[in-house]
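Student: I have a structure with a ligand to look at. Can you show me how to read what surrounds it?

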Amino acid sequence: MKAGFIGLGAMGAPMAGHLAVKGLLQVIDNRTRNKADALAAQLGVRAAATHADFAGCDVVALCVSMDADVLQQATALAAVLRPGSVVVDHSTVSVATARKAQALLAANGIGFLDAPVSGGVEGARNGKLSVMVGGDGADLEIARPALDAYAARITHMGDTGSGQATKAVNQVLVAGINEAVCEGLALGEKLGLDPAKLLPTLMAGAAANWFLDKRGATMLAGQFTPGFKCGHLLKDLTIVQGMANEVGLHSSVIEMARDHYAQLVQRGEADSDTSALILLKRG
Ligand code: NAP
């Protein structure tokens, strides 16, 4: 198995690191070149000069930002990968993008899996991501040794797009939890409660959750280093809202959270962690 990785941000860099530790990683790339050069030197792999450098890969994983980035990479890889190889997209994008990427790679006999992830940067760093996969089962078996390098759980949800559909459900829960935690902690501040007592008390009861555990203390300390960027959650919620509209689901959670993250992006917080939502809650 020879693997490549494209998109070396908060998630992609540690995921690529796990592939390198397993001895599977050959070549990496990133939009900003010096990030790829630095990580390649650190991991002892090649930084791609052109997409042709991925030609020998059995599996190329993507963890880029937006739908257009996935389609750009899928188009470029379709021209160089050999039939039978598989592109795995870990970015969060729309079902329509997953289907387009699958079709353009399939035209050259190359497999495609939409395989968004959940577990945050902590999950990426400790190799414990939940991977939700859409696409052909045989392609998943080809890619599985790579996914095993950074997954706690790999679930084959169904056909192309079903991984992204699952991630959309995940993001409704994430958005709702963020709203509740940020509002609760803003209330705690206004009531003058001691965070050193409040956080462990909440974590010991029925309100415990990942976001409170990982971001509670940092948001109360005014630290909003991502993590997961507000701009990315706004992208996700825009996708999710489109899907909810298509199936006739009225979701007040999606609407409220999308409005809040749009406000944060407008205030210049696009690259802040999503826990910056507490800034709005404080009023
Ligand atoms: P990030 O820190 O912004 O990293 C994105 C990386 O992709 C950057 O290094 C960027 O390069 C690179 N990139 C973007 N477009 C590219 C292109 N067209 N070609 C090559 N490289 C490109 O984002 P992230 O937090 O790692 O998230 C990546 C994806 O995973 C997003 O779709 C996000 O929604 C999703 N996700 C994130 C989390 C999380 O907790 N962070 C969790 C699950 C899923 P530059 O250096 O030029 O910016």
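Tutor: Sure! We'll count a residue as near a molecule if one of its heavy atoms lies within 4 Å of it. Keep in mind that this is a predicted model.

Student: How many residues surround the ligand, and which are the closest?

Tutor: There are 28 residues around the ligand, and the closest are Asn30, Thr32, Lys35, Gln72 and Lys229. Sorted by character, the shell has nine nonpolar, 12 polar and seven charged residues.

Student: Which helices supply at least two residues of that shell?

Tutor: Helix H3 (67-78), helix H5 (120-125) and helix H10 each do. As for domains, domain 1 (3-158) and domain 2 (165-281) each give the shell at least three residues.

Student: Where does the ligand sit?

Tutor: In the largest pocket.

Student: What about polar contacts with the backbone?

Tutor: For those, look for a pair of N or O atoms within 3.5 Å. Here, a polar backbone atom of methionine 11 is 2.9 Å from a ligand oxygen. For valine 64, a polar backbone atom is 3.1 Å from an oxygen of the ligand, and for serine 65 a backbone N or O atom lies 3.0 Å from a ligand oxygen. On its own the ligand would expose 890 Å², and the protein buries 93% of that.

Student: Which residues does a cis peptide bond join?

Tutor: Proline 226 and glycine 227, with omega about 10°. Glycine 227 is in the loop between helix H9 (210-220) and helix H10 (230-247).

Terms used:
Residues numbered from 1 in each chain as written. Predicted model: local features only at pLDDT ≥ 70, side-chain atom pairs only at ≥ 80, totals over all residues. Heavy atoms only, no water. Helix = DSSP H or I, 4+ residues; strand = E, 2+ residues; numbered from the N terminus. Polar contact = N/O pair within 3.5 Å; in protein donor to acceptor, adjacent residues only side chain to side chain. Areas by Shrake-Rupley, 256 points an atom, 1.4 Å probe, with all protein chains shown as cover. 1 Å grid on protein atoms, 1.4 Å probe; cavity = no way out; pocket = protein on both sides within 12 Å on 5 of 7 lines; lining within 4 Å. Sits in = over half its atoms within 2 Å of the grid points. Nonpolar A, V, L, I, M, F, W, Y, C, P; charged D, E, K, R; others polar. Domains from an automatic or database assignment.
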